[in-house]
4 protein chains.
Amino acid sequence: MPESIFQIDLQVRDYECDMEGIVNNAVYQNYLEHARHEFLKNMGLDFARLTRGGINLVVIRAELDYRFSLRSGDRFRVSLHLKRLSPLRFVFVQEIERLPDNKRIMEARIIGTSLNANGRPFLPKEIEALLSPARPVTSK
Amino acid sequence: MPESIFQIDLQVRDYECDMEGIVNNAVYQNYLEHARHEFLKNMGLDFARLTRGGINLVVIRAELDYRFSLRSGDRFRVSLHLKRLSPLRFVFVQEIERLPDNKRIMEARIIGTSLNANGRPFLPKEIEALLSPARPVTSK
Amino acid sequence: MPESIFQIDLQVRDYECDMEGIVNNAVYQNYLEHARHEFLKNMGLDFARLTRGGINLVVIRAELDYRFSLRSGDRFRVSLHLKRLSPLRFVFVQEIERLPDNKRIMEARIIGTSLNANGRPFLPKEIEALLSPARPVTSK
Amino acid sequence: MPESIFQIDLQVRDYECDMEGIVNNAVYQNYLEHARHEFLKNMGLDFARLTRGGINLVVIRAELDYRFSLRSGDRFRVSLHLKRLSPLRFVFVQEIERLPDNKRIMEARIIGTSLNANGRPFLPKEIEALLSPARPVTSK
């Protein structure tokens, strides 16, 4: 994977674990989404404000490869890399690794587009700007 | 408790259980809310539509007494009884019991009001209508 | 898609909707998982009991294609079809459609295996039995 | 409220907001629980390990007073104060305030006990130790 352009560090909360004592599969999608929204915010784009402004960013496909499970209290890093996939689609290449041992937990490819008020795909200039040649972003 | 005026039957889903193998405390609030919204819908009031129409029903206090835990696969009944508490406040007296043995799982008192667009409490006529002398409602 | 061998009908609950007023992406994974666990139960296999017995069914890859969004109150059907993918891996081909208009909401391929107490993949006989030539199952 | 003996700072994640654009009522219970578990960990008690060791800390009553709503991106502080309530029961007095303006969001009283393997209430020495005269704890 190319060097990540954004990352956040989080920690598993007990209510995110299921009866197997591990983080439930669906919860990783929450982690991944949170990292994407934090990335957007870091780039000056607020997801809630975009939505209210009629720009709906939508996920059209998610590919999630689960390697290993996170458990209660584990610290982990979610990183992402944003790339254009086609004229109207982009992909967030994401990865979760446990800290501090960098054990690979999962990888994900989240493919999205944005819809205008009529439900038609289009890429607003705010998103286009993010798809220019990637520039490094300091993590928080 | 007086006879309940509304009830729905649900079943625990595995992802609602935590690492103790029981339904997480917060999840019961989801069950209780779902029963309240189903009750409103049954009375001709759609929560989503009320919200879009500027009527925000809000919970101002919740009292939850946990008696016993639900586990994976348990079926249960959520019942409710709606009463006026003061000119601008109402209370949902709710109860969850396990099925088919009617084991008492929890009781709750959910106190609410509604806010207008300016954030001021008021009871719209749709809600007032529900607070007239209770009439029995057939469960679904 | 071949005829589905199992299906359950559910309804969106308001707490499952996010600030866009639609069901959050991660919640669909809950729906899909619930359908799989109900399928297993219907075949005489209880997920919670399997787990306690040392048989850990794990998802190793999820491919989720989101076509359209579910909203507050929508009824929908989750269907599934189980197939062997390799000696130690199986795939649940799943689909969610809205009711009653059968609008396609999403498709998913959930690839799994099972791990023994040492964390090594193996397929216990209970799962092997499910991978024999598919037989129709009546929906609930 | 007496000075808090523990506090953690968190931030609302978008997936925690519901279709009203505010944090769903049930989610606050997650925040409160997370703060309690972090407190225990800070005192050398790990909730997951306690559970596996046969000490089940359980909530028997929750009183939640909702004052104001948190929204997407809001930062907030969860504080707590632990007190003995009776020989076998303790109470976490908790509070959530928005940052940086210290707007009061909610207060809670979470009453708990612990159960031994037979389901009988008892307070293990690890918990007794926490109920000695409160000593200040530095926040994280």
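Two strands are said to pair if DSSP finds at least two bridges between them, and in this predicted model strand 4 (residues 89-99) and strand 5 (residues 104-115) of chain A, which run antiparallel, are joined by eight bridges. Within that pairing, R104(A) in strand 5 is the bridge partner of E97(A).

These strands belong to an open sheet of ten strands with antiparallel pairing, ordered 1(A)-3(A)-4(A)-5(A)-2(A)-2(C)-5(C)-4(C)-3(C)-1(C). Strand 1 (6-11) of chain A and strand 1 (6-11) of chain C stand at the edges with a single partner strand each, so one side of each is left without a neighbour in the sheet. On average, and with direction ignored, neighbouring strands of the sheet are turned by 25 degrees against each other.

A helix from each of the two chains packs on strands of the sheet, as the table sets out.

| Helix | Strand touched in the other chain | Angle to strand 3 of its own chain |
|---|---|---|
| Helix 1 (residues 25-42) of chain A | strand 2 (56-66) of chain C | about 70 degrees |
| Helix 1 (residues 25-42) of chain C | strand 2 of chain A | about 70 degrees |

The two chains are related by a rotation of 180 degrees with 0.0 Å of shift along its axis, which superposes chain A on chain C with an RMSD of 0.0 Å; that is the relation of a two-fold axis. The same surface serves both copies, since 100% of the contact residues of chain A recur in chain C. Among the residues of chain A, E63(A) comes closest to the rotation axis, its C-alpha lying at 2.3 Å.

The largest nonpolar core has 127 residues, and those with the most contacts inside it are Y28(A), Y28(B), Y28(C) and Y28(D). Leaving aside neighbours within four places in sequence, Y28(C) is in contact with V23(C), L64(C), I96(C) and M106(C).

Terms used: Residues are numbered from 1 along each chain as its sequence is written. Chains are lettered from A and ligands numbered from 1 in the order in which they are written. This is a predicted model: local features need pLDDT of at least 70, side-chain atom pairs count only at pLDDT 80 or more; totals for chains, interfaces and linings use all residues. Helices (H or I, at least four residues) and strands (E, at least two) are DSSP runs, numbered from the N terminus. Axes are lines fitted to C-alpha atoms, for helices over the stretch in contact, and angles run from 0 to 180 degrees between N-to-C directions. Two residues are in contact if their C-beta atoms, placed from the backbone, lie within 7 Å. A nonpolar core is a set of buried Ala, Val, Leu, Ile, Met, Phe, Trp, Tyr and Cys residues joined through C-beta atoms within 7 Å. A residue is buried if 20 or more other C-beta atoms lie within 10 Å of its own, exposed if 12 or fewer, and partly exposed in between; C-beta atoms are placed from the backbone. Copies are superposed by least squares on the C-alpha atoms of residues with pLDDT of at least 70 in both.
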